[in-house]
Amino acid sequence: MTRTRLATLLGALFSCVLVLAGCANLPDSSAPQALGTLNRQPTSTGPHPPTTGRDPDLLLHDFLEATADPTDHHRTARQYLTAAAAQDWDDSTRTVIVDKPDTLRESRSGDTTTYRIRGRKLGELRDGGSFRAQDNTYETRIEMTKVGDDWRISQVEPGVVVDSSAFYKSYRRYPLYFANLAGTTMVPDLRWVSTTKDQLAQRLLSLLSEGAQPALAPAVRNVLAQPIHVRDGITKANGATDNVGVGLGGVRIDFSGAAGLDAHSRELLAAQVVLTLAGADIPGPYVLLADGKPLDERYPGGWSLDDVSSLNPAVSPNDRSRLYALRDGALVTVNPAKAEIVPAPGYFGSVHNLQSVGLSEDGRLVAAVADSGQPPPAPRHTLVLGNFDGTTMFSVVQGDSFTRPSWTSDGGAVWTVVDGSRVVRVVHDRATGNVSVQDVDSSALTVGEANSTDPVPRLPITDLSMSRDGTRAAIIAGGKVYSAVVVQQPDGKYSLISPQPVAVDLSTTAVSIDWSTPDTLVLAREGDVNPVESVFIDGSELSPLSSQNLTPPVRAVSAAPGTLYAADSRAVMQLQAAGPAADRFWRETPGLGANTVPVLPG
């Protein structure tokens with residue numbers, strides 16, 4: 001698929017609505033609809049059965065569109081096969097999405113013919129609708145034979161191959177939500193689903209009950225697991241069974257076994273359900289019951305998004321929009337409205353040897369990479385941890401290079417990578433003030449996966465950004481972008497596992513990355529064309545942001561709710577989320593020139 005195709009991304013970017021225009025590898029688009037009638041059903045009437053008298057190459061094209069409909073084990077697509085092939089075809093192994101597949105005839109003899117399908121592979125859809133981005137060539141052979149006067153497919157390999165354009169019409173991306181292990185917030189798990197609007201709520205609840213995808217499962221908790229289950233089906237809030245989830249009327253769900261849950265687990269269950277359904281444009285109220293009685297007596301008439309805001313990963317209790325900057329090696333506070341720039345108090349605002357800075361979400365703690373001042377062969381840099389006022393400081397670890405420090409949302413730890421390969425987690429105990437350094441097991445980054453084209457080892461690591469929910473780390477390694485899962489082992493140590501490629505079709509090296517929403521990354525890359533892009537954490541929809549007024553190269557990006565900042569070759573630029581996409585362009589932040597990098601809390 002080319003980058004000339006535009007896709008509309010509907011989602012909360014920087015906790016607001018940001019419409020992005022960009023390359024259309026797995027877009028999520030829908031036309032505006034009236035309030036209460038939002039419908040993310042497939043935009044077409046669906047694939048059609050085989051047409052009588054169709055030439056074999058055209059029939060094969062039709063088959064690759066029909067495979068986009070998974071209803072009844074691809075009932076429509078099976079009509080393109082001979083009776084024996086239809087019975088033998090295993091459509092459960094995987095779904096391969098191919099961009100504009102070629103259908104090339106290799107041989108034909110009488111009533112038989114062989115075709116080769118060839119195209120750019122965008123990715124695979126795996127069990128439960130999880131997507132794995134890929135960017136390589138796909139090829140397979142299809143044998144066809146005449147049945148009466150019509151051609152039918154007589155041999156097809158296990159799995160499903162689907163034309164990307166048909167896939168986009170049939171499937172939509174939805175976030176499922178699971179609790180992080182600490183039970184402090186929800187974690188998005190993106191899935192691709194093909195179903196009708198009135199069946200969507202049931203399908204999403206079924207996926208929730210099946211649990212998180214295997215790569216994410218070790219880092220999350222699923223309250224909607226056995227013995228908890230949905231009983232008596234899902235209805236509208238008033239008990240009506242027709243058009244559940246369509247238009248107004250809310251939903252009513254009774255959870256068998258939930259009466260035995262403690263109060264916090266009930267809140268987690270409610271957050272999983274409410275955020276998942278709301279994220280699919282299924283409006284509330286969400287009437288949730290535990291064995292026939294209200295799940296929480298505070299909400300007998302139903303839950304709303306506001307009722308689970310404390311567990312919503314898109315909502316922060318702190319002001320994460322405050323702007324700071326690293327200018328001439330010192331930390332400064334910035335008031336763009338008044339064009340005021342004030343050095344931070346104490347050490348961090350008075351020195352001029354800082355290379356990068358990370359601020360805790362509440363703005364009280366600073367982790368900074370500073371020149372060590374030591375002659376060779378001593379390490380060139382040191383990581384300094386301290387209070388924002390600079391009254392307390394610790395030099396905690398030394399090395400020749402560090403990635404930009406990245407804090408966990410609770411300010412309990414900061415992550416960085418030393419010398420391109422050593423991932424460390426610096427723990428700060430706020431009660432005692434003690435600081436300790438823990439090495440993180442990142443060996444998974446050096447191991448290749450079966451049938452993967454990812455280069456290994458995935459080194460050096462040049463940027464690392466922790467998600468606010470603490471379950472993922474976005475990584476730039478070897479100039480490529482990955483998302484890895486963060487897992488705490490029984491001995492208390494941490495590991496990075498299951499690295500998944502993201503933004504696989506970048507044509508140049510990625511240089512900086514940050515989390516713009518709980519399920520979206522923003523990145524800067526080398527080059528003059530589309531230097532800032534956005535991508536979902538499953539690798540779908542790599543979309544260029546506006547480049548108007550940017551002067552490449554872009555050195556760093558940072559995201560705050562409602563605003564994106566980029567440091568280019570001449571200034572710190574900002575992009576607002578509000579307003580029509582066509583009118584959105586980068587504006588210069590007053591007083592911050594080429595020697596400045598934006599710094600945001602969190």
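In this predicted model, strand β20 (residues 381-387) and strand β21 (residues 393-399) run antiparallel and are joined by 6 bridges. Within this pair, L383 has V397 of β21 as its bridge partner. The two strands make up a hairpin, with 5 residues between β20 and β21. One residue of the turn invites a closer look at its backbone: G390 has a positive phi of about 75°.

Further along the chain comes an open sheet of 4 strands, arranged in the order β22-β23-β24-β25 with antiparallel pairing. Because β22 (406-407) and β25 (435-439) each have a single partner strand, they stand at the edges, and one side of each is left without a neighbour in the sheet. Strands β23 (residues 413-418) and β24 (residues 422-428) are linked by 6 bridges in the antiparallel sense. Here V418 stands opposite R422, a residue of β24. As a general reminder, strands of a sheet pair through backbone hydrogen bonds, in either a parallel or an antiparallel way.

Turning to the helices, α2 spans residues 71-78, and its buried residues are H74, T76, A77 and R78. A charged side chain type is thus on the list alongside alanine, with R78 and A77 both counted as buried. The cover over the buried residues of α2 includes two helices, α1 (56-66) and α3 (83-88), as well as the strand β7 (160-163).

These elements belong to a chain with 7 helices and 38 strands. The radius of gyration of the chain is 26 Å, close to the 25 Å that the globule rule gives for 602 residues, so the chain is as compact as a globular protein of that length. Along the principal axes, the C-alpha trace spans about 85 × 60 × 50 Å. Buried residues account for 53% of the 602 in the chain. As for contacts between residues at least 6 apart in sequence, 54% of them join residues at least 24 apart.

The surface and the charges complete the picture. About 24,500 Å² of the chain is exposed, and carbon and sulfur atoms supply 49% of that area. Among the side chains, 52 are positive and 66 are negative. The centres of these two sets of charges lie 2 Å apart.

Note on methods: Residues are numbered from 1 along each chain as its sequence is written. This is a predicted model: local features need pLDDT of at least 70, side-chain atom pairs count only at pLDDT 80 or more; totals for chains, interfaces and linings use all residues. Side-chain values use heavy atoms; hydrogens and water are left out. The radius of gyration is taken over C-alpha atoms; the globule rule is 2.2 Å times the number of residues to the power 0.38. Buried means under 20% relative accessible area, exposed over 50%, partly exposed in between (1.4 Å probe, protein chains only). Contact means heavy atoms within 4.5 Å. Accessible areas come from the Shrake-Rupley method with a 1.4 Å probe; for residues, only the protein chains shown count as cover. The place of a charge is taken as NZ of Lys, CZ of Arg, CG of Asp or CD of Glu. Two strands pair if DSSP finds at least two bridges between them.
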